[in-house]
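Reader: Hey, I've got a protein open and no clue where to begin. Can we just go through it together?

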Amino acid sequence: MPRTRLRLAVTVALLPVALTACGDTGALRGAGPTATAISPDRLWPDLTPASSPAWDYDDGESELMKGIRAPRDDIHKVDPVAVVRAEISQHPDAYTGIKAPYHETARRMADCGEGPAKGRCPVLRPYYRDLTGDGRDDLTLGFRLLPGNQTAVRVYTFESGRLVRVMSNDDAVTGVELAGRSVIIHSPSDIASYEYRFQWTWDPDQRVMLLTHDEMLRVDGRKGGRHPSASPSASASPAASPSVSPSSSTSPSPSSSTSPSPSSSSSGR
């Protein structure tokens, strides 16, 4: 038999074997019964709508940081320790005097001579990323609120040569992430296997970061795990910033409890 015919005969003989091996690859499979969609029921349609918020969340507020300048508005040239000192001076009731709730923070600022995240300095390592969408990096800064077990998280941007604080949150913190135009803060819950997650997002119309999401989410039970198993990933590597998380060595213990009810804290709880 000629060589060409021999190859053709072998190829034809192997085709049924190949088809059998493939099985039903690519075929559609049933995913099971689909739950019936149920439209939401509106309760108390005759209820008079509220005209004002029940709680003061300190949301949508900005503040000029007096005396802070930088060449060409380069926020990388701003001293993070100087920014925290400016906030302390602008809010003496919170930091000045032995009866002030965070007087220990002000006292430890004297230990910041070597810079943030050094020794007993309460100022954490700064992070830089464009959160406002103007093509320039903004400053995400954290510092410990002492005495106590809370962390202040702030975002600053330059506007016409002036440093402006566009986000402020004080809470017990187990982790902080930057994602897109958002700052995501994880906080411990009183309920085991749950945590609070607050998402602050830049609003170009209000020119501030607003609290856009406030959730209680279940977290995995593994030691050190805090990311909700069913929630979308919110992590992202900060541009032009160290790889160490702001809460890597100075964040409060997850065992610290916080009340789920709204309070005067900026977190909205």
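Reader: Which side chains meet in a salt bridge at 3.8 Å, N to O?
Author: Those are Arg207 and Glu159. One thing to keep in mind throughout: this is a predicted model.

Reader: Ok, noted. And where do Arg207 and Glu159 sit in the chain?
Author: Arg207 is in the loop between β8 (194-203) and β9 (208-218), while Glu159 belongs to strand β4. The two are 48 residues apart, so this pair links distant parts of the chain. Arg207 counts as partly exposed, because its relative accessibility is 43%.

Reader: Why would side chains pair up like that at all?
Author: Side chains of opposite charge can pair when their charged atoms come close.

Reader: Makes sense. How many salt bridges are there?
Author: The count comes to 10. Another one joins Asp111 and Arg120, with the closest N and O atoms 3.5 Å apart.

Reader: Are Asp111 and Arg120 buried or exposed?
Author: In between. Asp111 is partly exposed, with a relative accessible area of 34%, and Arg120 is partly exposed too, at 43%.

Reader: So which salt bridge has buried partners?
Author: Take Glu63 and Arg165, whose closest N and O atoms are 3.0 Å apart. Glu63 is in strand β1 and Arg165 in strand β5, 102 residues apart, and the pair links distant parts of the chain. Buried means under 20% relative accessible area, so Glu63 at 15% counts as buried, and so does Arg165 at 10%.

Reader: What else is linked up with Glu63 and Arg165?
Author: There's a network of salt bridges that links Glu63, Glu87, Arg154, Arg165 and Asp170.

Reader: Tell me about Glu87 then. Where is it, and is it buried or exposed?
Author: Glu87 is in helix α2, which covers residues 80-90. It has 2% relative accessibility, so it counts as buried. Its side chain makes a polar contact of 2.8 Å with the side chain of Arg154.

Reader: What does Glu87 touch besides Arg154?
Author: Leaving out residues up to four places away in sequence, Glu87 also touches Met65, Tyr95, Phe143, Tyr156 and Arg165.

Reader: And the rest of α2, which residues are buried there?
Author: Along with Glu87, the buried residues of α2 are Pro80, Val81, Val83, Val84, Ala86 and Ile88.

Reader: What covers them?
Author: The cover includes α3, α4 (103-108), β2 (127-129), β3, β4 (150-159) and β5 (162-171).

Reader: Anything going on at the start of α2? What does Asp79 do there?
Author: A side-chain oxygen of Asp79 comes within 3.1 Å of the backbone nitrogen of Val81.

Reader: New topic: rings! How many aromatic pairs are there?
Author: The structure has 3. In one of them, Tyr95 and Tyr102 are tilted, with 6.0 Å from centre to centre and 45 degrees between the planes. Both Tyr95 and Tyr102 are buried. Tyr95 also forms a tilted pair with Phe143, at 6.5 Å centre to centre and 50 degrees between the planes.

Reader: Where do Tyr95 and Phe143 come from in the sequence?
Author: Tyr95 lies in helix α3 (residues 92-95) and Phe143 in strand β3 (residues 138-145), so their pair ties together parts that are 48 residues apart. Phe143 counts as buried, with a relative accessibility of 0%, and Tyr95 is buried at 4%. Ring pairs link Tyr95, Tyr102 and Phe143 into a cluster.

Reader: Ok, enough buried stuff. Which residues make a nonpolar patch on the surface?
Author: Leu43, Trp44 and Leu47 make one of about 420 Å². Leu43 is in the loop between α1 (3-22) and β1 (63-64), and its relative accessible area of 56% is why it counts as exposed.

Reader: Last one, zooming out. How many helices and strands are there, and what's the residue count of the chain?
Author: There are 4 helices and 9 strands. The protein chain has 269 residues, and 37% of them count as buried. Its accessible surface comes to about 16300 Å², with 54% of that belonging to carbon and sulfur atoms.

Note on methods: Residues numbered from 1 in each chain as written. Predicted model: local features only at pLDDT ≥ 70, side-chain atom pairs only at ≥ 80, totals over all residues. Heavy atoms only, no water. Buried < 20%, exposed > 50% of the residue type's maximum accessible area, 1.4 Å probe, protein only. Polar contact = N/O pair within 3.5 Å; in protein donor to acceptor, adjacent residues only side chain to side chain. Contact = heavy atoms within 4.5 Å. Patch = residues over 30% accessible without salt bridge, like charges linked within 9 Å, V, L, I, M, F, W, Y side chains within 5 Å. Areas by Shrake-Rupley, 256 points an atom, 1.4 Å probe, with all protein chains shown as cover. Salt bridge = Lys/Arg side-chain N within 4 Å of Asp/Glu carboxyl O. Phe/Tyr/Trp six-rings, centres within 6.5 Å; stacked < 30°, edge-to-face > 60°.
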